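Colleague: Please give me a close look at one part of this model, namely its charged side-chain pairs. Please then set them beside the nonpolar parts of the fold in one connected account.

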Amino acid sequence: MTDATPSLPPLAFLGAGSMGGAILRGLVAAGLTGGGVTATNRSAAKAAELAELEGVTSVALETAPDANVAAAASADVVLIGVKPAMVPDLLDEIAPHLRPGAVVVSLAAGVTLATFAKHLGEGVATLRSMPNTPSLVGKGVTGLAAGAAATADDVALVRALFETVGQVVEVPESRIDALSTISGSGPAYVFLLIEEFTKAAVRMGFDVDAARLLAEQTFIGATALLASADVDPAELRRRVTSPKGTTERAVAVLQAARLDDTFTAAAEAALARAKELAAGA
Ligand SMILES: NC(=O)c1ccc[n+]([C@@H]2O[C@H](COP(=O)([O-])OP(=O)(O)OC[C@H]3O[C@@H](n4cnc5c(N)ncnc54)[C@H](OP(=O)(O)O)[C@@H]3O)[C@@H](O)[C@H]2O)c1
């Protein structure tokens, strides 16, 4: 946060599960819930998980069936964090109750701005976001695409909101699915690499605890080094790789496995699936 960051107005999180909850917790940790936040979930159990958060009113539909309408009516920024298939019904429910000038922010993968406009009306300022789960620890990357009715001030406000939990990249909506194949799904790729790296350590004869420590701390340490250094990963890799040394041999094996093609194919598979989902498959 900088002094230039606008303070946040009253917020509503309609559906605060893994993703909505991560962003909500990030805002609380940053001390930015002073404008008031209402979070809704279906079950009382889920609502109870958020009840202790500073500045957050956590409500369950189970006990307050009109909670989404009440929360939407009380907020200047309404974040939609339910599963994609549930979004249209939720929008129909809240549309008549939005405040004039309210900004609606979608967290839902694959739901287009056109769908939002159809259910809320063309005049409602809407932005589509694609956050990722490291938002929970303030290290997220969020892609942001603004709808036609969103003003520059609306975009700045929503950008500031997501910047409390990481970095923001603004893109046209046509690039959101492509962005999602990298940063949205990306944490899963990284965890898979760590899983496989840990298995290699076990095969080298370490017990599981030691293998996890070696593999996980190496990833955490290497990424912290990357974050702290003003050099690119290729240069940092070269600094570990003495000519004719052991690392050079290992890296040659990894490169022979064509990680470049594999990562491209993985991203293309994710993009193809996004298109299938958009077509209702
Ligand atoms: N997880 C990710 O990495 C990720 C990344 C980018 C985008 N997203 C998007 O984020 C959205 C949520 O995904 P998620 O992984 O956070 O799912 P999730 O953990 O299941 O969260 C959805 C939440 O919505 C609540 N809910 C269900 N129906 C509701 C209703 N009518 N009104 C209010 N709340 C309701 C659920 O409460 P109950 O559990 O009590 O039913 C649940 O806590 C999706 O649209 C997804 O595309 C997720």
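Modeller: Across the whole structure, a search finds 12 salt bridges. The model is a predicted one, and each value below is computed from it.

I begin with Arg 258, which has two acidic partners. Its side chain meets that of Asp 260 in a salt bridge, at 2.8 Å from N to O. Arg 258 also forms a salt bridge with Asp 261, where the closest N and O atoms are 3.9 Å apart. With salt bridges defined by a cut-off of 4 Å, the pair at 3.9 Å is counted. As to exposure, Arg 258 is partly exposed because its relative accessibility is 43%. Asp 260 is likewise partly exposed, at 43%, and Asp 261 has a relative accessible area of 44%, so it too is partly exposed.

A further pair lies in helix H12, which spans residues 259–278. There Glu 276 and Arg 273 form a salt bridge, their closest N and O atoms being 2.7 Å apart. Because the two residues are 3 places apart in H12, about one helical turn separates them. Glu 276 is partly exposed, with 38% relative accessibility, as is Arg 273, with a relative accessible area of 39%.

Elsewhere, Arg 128, Glu 173 and Asp 177 are linked in a network of salt bridges. Arg 128 falls within the range of strand S6 (125–130), one of the elements that supply at least two residues each to the largest nonpolar core.

The nonpolar side chains offer a contrast. On the surface, Leu 193, Leu 254, Leu 259 and Phe 263 form a nonpolar patch, with about 330 Å² of accessible area together. Leu 193 belongs to helix H8 (residues 186–203), and its relative accessible area of 36% makes it partly exposed.

In the interior, the largest nonpolar core has 32 residues, and Phe 13, Leu 24, Leu 161 and Phe 162 have the most contacts inside it. Its largest share, 6 residues, comes from helix H1. Among the contacts of Phe 13 are Ile 23, Leu 24, Val 37, Ala 39 and Leu 79.

Val 37 and Ala 39 are both in strand S2, where they are buried on one side together with Asn 41, while Thr 38 and Thr 40 are buried on the other. Since 5 of the 5 residues of S2 are buried, this strand is largely enclosed by the rest of the structure. Strands S1 and S2 run parallel and are joined by 4 bridges; in S2, Thr 40 is the bridge partner of Leu 14.

How values were computed: Residues numbered from 1 in each chain as written. Predicted model: local features only at pLDDT ≥ 70, side-chain atom pairs only at ≥ 80, totals over all residues. Heavy atoms only, no water. Patch = residues over 30% accessible without salt bridge, like charges linked within 9 Å, V, L, I, M, F, W, Y side chains within 5 Å. Areas by Shrake-Rupley, 256 points an atom, 1.4 Å probe, with all protein chains shown as cover. Buried < 20%, exposed > 50% of the residue type's maximum accessible area, 1.4 Å probe, protein only. Core = buried A, V, L, I, M, F, W, Y, C linked by side-chain atoms within 4.5 Å. Contact = heavy atoms within 4.5 Å. Pairing = 2+ DSSP bridges. Lists of a residue's contacts leave out its neighbours within four places in sequence.
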